[in-house]
There are 2 protein chains.
Amino acid sequence: MNKQLQISNIRNVLIRLEETILFALIERVQFRRNPVIYAPGAFADLDETESLVGYLLHETERIHARMRRYTSPDEYPFFDDLPEPVLPELRYDDNPLHAHPVNLNRNVWASYTEDAIPLICAPDDDHQYGSCAVADVTCLQAISKRIHYGMFVAEGKYRKNATQFDQLVKAKDAGSIAEAITDAPVEQQVLERVRRKAELYLQELNASTDEYHIEPEVIVKLYRTWIIPATKEVEVQYLLKRG
Amino acid sequence: MNKQLQISNIRNVLIRLEETILFALIERVQFRRNPVIYAPGAFADLDETESLVGYLLHETERIHARMRRYTSPDEYPFFDDLPEPVLPELRYDDNPLHAHPVNLNRNVWASYTEDAIPLICAPDDDHQYGSCAVADVTCLQAISKRIHYGMFVAEGKYRKNATQFDQLVKAKDAGSIAEAITDAPVEQQVLERVRRKAELYLQELNASTDEYHIEPEVIVKLYRTWIIPATKEVEVQYLLKRG
């Protein structure tokens, strides 16, 4: 029923999420950096402690939680004070995960706001706070989903080599687990595919406007320096918890 | 400050919205039709009268209203019972519109759910209701924005030919207004650009999977039979109201 959760289908899910992530980032980079929307309490009328993007993400997660989004094994929220689902919970008989899930969204938030936004967006402020925050929420949710798919990736790798991983996990040897899950040629393929897609999807926009310009290489860099390593961090932590 | 509202910039806004609309539609068509998510009351635990997509759109608009989205002259909601903005309202000194705004979102909703979804999505049900509804909300908001930009387009056309339009509006001659605002070569250009973009953005996806396939021509058809005529309908109604 839920093909997305099948180990055999993980590669397709990750490839398909590339479009979701690229489209979302391309929407975001049409706006400037707008640092004020990430500053806690900067819009105090709305939320005294949260940033504008944090407020929108939190409210969005509240709605999605009521619609049972976070009962799905491939969905993890950024906030932990969400309401219970209003819709009856679904049973995920096809959930292949064998451990308590890992949630690294705190890191996703920090990397996105502190590193990714300054890297991909033009500096300064264009006052498009609302549209910008909406784009941010889409980016954060898409990238978070991709990174947490590392658990499905790890489960697949574990099943192919259970004995080896059992030993490493028993020894709590995170370094060797990280080595064992690394497949450099596959990472290279991902980066090449992302480069090709970024060139394709940015071609029209980069040609048609002056002010709206992003180098495909910047998106490749996001994958190389953040999205891929963060996915691997989820893989390692999942395997350690799998025990 | 808000370049999006400048008459001289309308063409660029509409061109840029093509990416937003195409990316959103491409996210939606990865899921099947899922008719149950448009059926009023089908998820009664959540909302006894609203559909799942209607519920999510309504809740999303409530948040965006508090963030003052609908105080902007280029943003129109689908629901009319939204909360007041919590953030202090911005003054839009650069708002070029000279009439009470037109809101045709009731038609946008009907055309989207009854015509567009059956046209673009594969039939049947894949149980991905939540992801699907999230994609629907993005599509509805993007297409609604494009269609209601017709008011800015109409204002630009009016300013170039005020005397002619004053006469037609005085005579309440909707047919002749529709004729006067129609620029067939420009419509043809839009359709050709949409075709080129749809081919570009679907190239990778149509090549990489079997089950996920959409013809670029289907997106062109959406523009030709719905999005362009609906924009013109907004233009005519705006000019009649402009009085």
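Between chain A and chain B there are six salt bridges, and these offer a convenient way into this structure, which is a predicted model. One salt bridge joins Glu27(A) to Arg16(B), with their closest N and O atoms 3.3 Å apart. Across the interface of the two chains, ten residue pairs are also found in polar contact, both residues of each pair having pLDDT 80 or more. On the side of chain A that touches chain B, the elements giving two or more residues are α1, α2 (52-66), α4 (129-148) and α8 (184-208) of chain A.

The extent of the interface can be stated in residues and in area. Chain A brings 45 residues to the contact and chain B brings 45 residues, and between them the chains bury about 3900 Å², of which 60% lies on carbon and sulfur atoms. Of the area that chain A buries against chain B, 16% comes from Arg16(A), Met67(A) and Glu204(A), more than from any other three residues.

The arrangement of the two copies comes next. A turn of 180°, with a shift of 0.0 Å along the axis, lays chain A on chain B with an RMSD of 0.0 Å. The two copies are therefore related as by a two-fold rotation axis. Because 100% of the interface residues of chain A are also interface residues in chain B, the copies meet through the same surface.

Helix α1 of chain A, which covers residues 10-28, leads from the interface to a residue that deserves separate attention. Arg28(A) is found in this helix, and it counts as buried because its relative accessibility is 0%, where the cut-off for buried is under 20%. What does the side chain of Arg28(A) meet in a polar contact of 3.0 Å? Its partner is the side chain of Asp136(A). When neighbours within four places in sequence are left aside, the residues in contact with Arg28(A) are Arg33(A), Tyr38(A), Tyr112(A), Ile117(A), Cys121(A), Cys132(A), Ala135(A), Asp136(A) and Cys139(A).

Tyr112(A), one of the residues in contact with Arg28(A), is also touched by Trp226(A), and this leads to the nonpolar part of the model. In soluble globular proteins, nonpolar side chains tend to be buried together. The largest nonpolar core here has 164 residues, and among them Trp226(A) and Trp226(B) touch the most other members. Not counting residues up to four places away in sequence, Trp226(A) touches Val108(A), Ser111(A), Tyr112(A), Ala116(A), Ile143(A), Ile147(A) and Lys221(A).

Terms used
Residues are numbered from 1 along each chain as its sequence is written. Chains are lettered from A and ligands numbered from 1 in the order in which they are written. This is a predicted model: local features need pLDDT of at least 70, side-chain atom pairs count only at pLDDT 80 or more; totals for chains, interfaces and linings use all residues. Side-chain values use heavy atoms; hydrogens and water are left out. A nonpolar core is a set of buried Ala, Val, Leu, Ile, Met, Phe, Trp, Tyr and Cys residues joined through side-chain atoms within 4.5 Å. Buried means under 20% relative accessible area, exposed over 50%, partly exposed in between (1.4 Å probe, protein chains only). Contact means heavy atoms within 4.5 Å. Helices (H or I, at least four residues) and strands (E, at least two) are DSSP runs, numbered from the N terminus. A polar contact is a pair of N or O atoms within 3.5 Å; within protein, one must be able to donate a hydrogen and the other to accept it, and residues adjacent in sequence count only if both atoms are side-chain atoms. Copies are superposed by least squares on the C-alpha atoms of residues with pLDDT of at least 70 in both. Buried area is the accessible area (1.4 Å probe) that two parts lose on being put together, summed over both. A salt bridge is a side-chain nitrogen of Lys or Arg within 4 Å of a carboxyl oxygen of Asp or Glu.
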